[in-house]
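Open your viewer and get ready to click along with this tour. At each stop there is something to select and something to look for.

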Amino acid sequence: PGKMSDSKASLPSPSPIESREELIETAVKFLRNPKVINTPLEQRKAFLRRKGLTNAELVEALSALESMRRTKLRLLVYRFNRSLKRREIGSALWDASRPLRLSSAARRTR
C-alpha cells in the first residue's frame, strides 16, 4: 500500500489564455460591484490596467458588462409586459365572472 498522491499536484496548470480569461471575468465582476459602480469609469479602468489588463481586455470586459446590462434590461421589460398581460387577463376574467347589474337609474326606467 503506497501513499496517496496529492490530486492537486497532478492537475495541469491553467494555460495563459485561461488565466487571461479569468482575469477578464474578474474585471467584469469588479466593474459590476455595487461598492465601485459609482466610481468614474476612467478610475475603474486605470485600476484594472494597474492589475494587468490590456486595453483589448478592458474593451472585452466592458463589452461583456454592456451585454449583461442589455440582457437584464430585456428580461425586466419581458417580465413587466408579462405581468401587465396577466393583470389584463385577470381583470377581464374577473369582470366576465361578475353578473351584470343595472344601475339604480336604469332600474327605475324599467
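**A charged tour of four helices**

Start with Arg20, which is partly exposed, with a relative accessible area of 31%. Before you go further, keep in mind that this is a predicted model.

**Stop 1: the whole chain**

Zoom out and colour by secondary structure. The protein chain has four helices and zero strands, and reading along the sequence gives the pattern α-α-α-α. Of its 110 residues, 13% count as buried.

**Stop 2: a bridge between helices**

Go back to Arg20 and add Glu57 to your selection. What do the side chains of Arg20 and Glu57 form where they meet? They form a salt bridge, at 2.5 Å from N to O. This pair links distant parts of the chain: Arg20 belongs to helix 1 (residues 16-32) and Glu57 to helix 3 (residues 55-97), 37 residues apart. Side chains of opposite charge can pair when their charged atoms come close.

Is Glu57 buried or exposed? Glu57 counts as buried, because its relative accessibility is 10% and the cut-off for buried is under 20%. Its partner Arg20, at 31%, is partly exposed.

Keep Glu57 on screen and select Leu23 as well. These two residues are 34 apart along the chain, and their C-alpha atoms are separated by 8.7 Å.

**Stop 3: a negative patch**

Now select Glu21, Glu22, Glu25 and Glu60. Together they make a patch of negative charge on the surface. Which helix gives the largest share of the negative patch? That is helix 1, with three residues. Glu25 is one of the residues you will find in helix 1.

**Stop 4: the two sides of helix 2**

Move on to helix 2, which covers residues 41-50. Select Arg44, Lys45 and Leu48, which are buried in this helix. They lie on the same side of helix 2, because they cover an arc of only 100 degrees around the axis.

Turn the model to see the face away from that buried side. Here you meet the exposed residues Glu42 and Arg50.

Next, show the side chains of Glu42 and Lys45, which meet in a salt bridge of 3.4 Å, N to O. Because they are three residues apart in helix 2, about one helical turn separates them. The two partners make a nice contrast: Glu42 counts as exposed at 52% relative accessibility, whereas Lys45 is buried, with a relative accessible area of 16%.

Before leaving this part of the chain, click on Gly52. It sits just after helix 2 and takes a positive phi of about 110 degrees.

**Stop 5: a bridge inside helix 3**

For the last stop, select Arg70 and Glu66. How far apart are the closest N and O atoms of this salt bridge? They are 3.8 Å apart. Arg70 and Glu66 are four residues apart in helix 3, so about one helical turn lies between them. Arg70 is partly exposed, with a relative accessible area of 46%, and Glu66 also counts as partly exposed, at 33% relative accessibility.

**Looking back**

Select the charged pairs from stops 2, 4 and 5 together. A search of the whole structure finds three salt bridges. Among them, the pair of Arg20 and Glu57 links distant parts of the chain, while Arg70 and Glu66 are both in helix 3.

Notes
Residues numbered from 1 in each chain as written. Predicted model: local features only at pLDDT ≥ 70, side-chain atom pairs only at ≥ 80, totals over all residues. Heavy atoms only, no water. Buried < 20%, exposed > 50% of the residue type's maximum accessible area, 1.4 Å probe, protein only. Patch = residues over 30% accessible without salt bridge, like charges linked within 9 Å, V, L, I, M, F, W, Y side chains within 5 Å. Areas by Shrake-Rupley, 256 points an atom, 1.4 Å probe, with all protein chains shown as cover. Lys, Arg positive; Asp, Glu negative; His and termini not counted. Charge placed at Lys NZ, Arg CZ, Asp CG, Glu CD. Arc of directions from axis to C-beta.
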